[in-house]
Amino acid sequence: MPNEDTRMLKLAYQQMPYGIIILNQRNEIIFMNQMAEGIRGRSAQIIQGNNVLSCHPQKIKEVVARSLKALREEDPKNSNRMTIDKRNDKYYETNYIPIKNNNDSYLGSMLISKDITEQRKLEEKRLSHLKHFEEEADRLRAELQELFFSSLDSLIKTLEAKDKYTEGHSTRVADISRKIAQYSCDVSPQIDTIELASQFHDIGKVGIPESILNKPGKLNEEEFNYIKEHPILGEDILAPILKPKSIKPKPMKKVIRHHHERYDGRGYPDGLKEDEIPIGARILAIADSYDAMTTDRPYRNALTPRTALKEINSNLGTQFDPELGEIFLMLHDKGVIN
Ligand SMILES: [Fe+2]
């Protein structure tokens with residue numbers, strides 16, 4: 001190549017807006033342009049002939065050494081070697097390119113460094129905005145959730161007010177369920193989910209005619225079929241639940257849907273049995289039955305706690321989960337539940 005052309009080529013490399021370092025086979029620097037001098041903080045005249053690793057901070061020396069080794073040993077088409085390092089508050093992205101002759105023999109390599117500080121700052125700004133938006137969305141979601149639950153709460157209270165027999169039932173059932181859940185579940189979000197599901201377990205009754213809900217005598221088949229709809233209606237009413245951090249909407253809806261299943265599979269609405277029934281629904285079934293038995297109903301007076309406990313005990317394994325039932329009886333015995 002004529003001297004003039006070589007000079008032109010050198011000037012072009014010198015003036016490129018990227019830091020360029022050319023290495024020989026032994027990774028010694030044979031060329032370094034002005035931008036690379038600025039990035040490395042070293043003069044080309046001083047550093048020329050030195051191993052390139054000597055102008056890298058200790059912590060990325062190993063990464064650079066690995067990249068250079070890969071250039072020598074791997075097919076460059078399949079290897080994309082790139083490092084990012086920070087110097088004096090600036091970020092640089094360096095690409096490693098092998099230099100090979102026509103016979104594909106490795107002659108050395110070229111390191112091209114680009115200042116990506118602005119790009120990084122924009123990315124950091126974008127991430128911080130995104131985080132802010134996510135936090136705001138979480139806050140709004142929690143507010144909406146609270147609003148949704150407080151309207152459900154009003155609905156439950158309206159439902160209970162219509163029927164003086166069930167006043168306070170939901171709150172008492174939620175309290176008993178939580179106590180059983182604390183002894184049977186390891187995970188606290190599950191306990192919160194069970195408690196909340198218990199609070200709203202009969203929400204579906206808003207869709208049942210009052211004449212059936214408050215009927216003093218025995219229900220006929222058609223009326224009972226209406227009643228059997230309330231767990232499904234309850235699940236539907238809770239459909240708009242969002243995703244608050246501590247509550248799992250899907251399990252909560254399932255606890256409500258299955259709170260009238262029986263352990264022996266003869267319950268409703270789906271006839272699930274044993275472990276097919278979500279644990280929350282098995283817990284709720286015990287709490288619900290105990291509270292229902294110990295309060296006055298249109299069709300009978302309240303049973304004493306002693307009689308209700310006997311009733312639960314004699315239905316373990318048929319209506320109720322035997323293990324959870326034992327936990328309930330033990331908690332009652334200890335005075336945790338009364
Ligand atoms: Fe129910």
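**Exercise 1.** Over the ring of which residue does the charged end of Arg-120 sit?

*Solution.* A charge counts as over a ring if NZ of Lys or CZ of Arg is within 6 Å of the ring centre and within 35 degrees of the ring normal. Arg-120 places its charged end over Tyr-91, 4.1 Å from the ring centre.

Before going on, a word on the model: it is predicted, with local features needing pLDDT of at least 70 and side-chain atom pairs pLDDT 80 or more, while totals for chains, interfaces and linings use all residues. Residues are numbered from 1 along each chain as its sequence is written, and side-chain values use heavy atoms, without hydrogens and water.

**Exercise 2.** Classify the ring pair of Phe-149 and Phe-200.

*Solution.* Rings of Phe, Tyr and Trp (its six-membered ring) pair if their centres lie within 6.5 Å; planes under 30 degrees apart are stacked, over 60 edge-to-face, the rest tilted. The whole structure holds five aromatic pairs. For Phe-149 and Phe-200 the centres are 5.7 Å apart and the planes at 5 degrees, so this pair is stacked. Next, add Phe-148: with Phe-149 and Phe-200 it forms one aromatic cluster.

**Exercise 3.** Which side chain of opposite charge is nearest to Glu-261, and how far away is it?

*Solution.* Lys and Arg count as positive, Asp and Glu as negative; His and the chain ends are not counted. The nearest candidate is Arg-257, 6.0 Å away. A salt bridge needs a side-chain nitrogen of Lys or Arg within 4 Å of a carboxyl oxygen of Asp or Glu, and Glu-261 has none, although it is buried (under 20% relative accessible area, 1.4 Å probe, protein chains only).

How values were computed:
Buried < 20%, exposed > 50% of the residue type's maximum accessible area, 1.4 Å probe, protein only.
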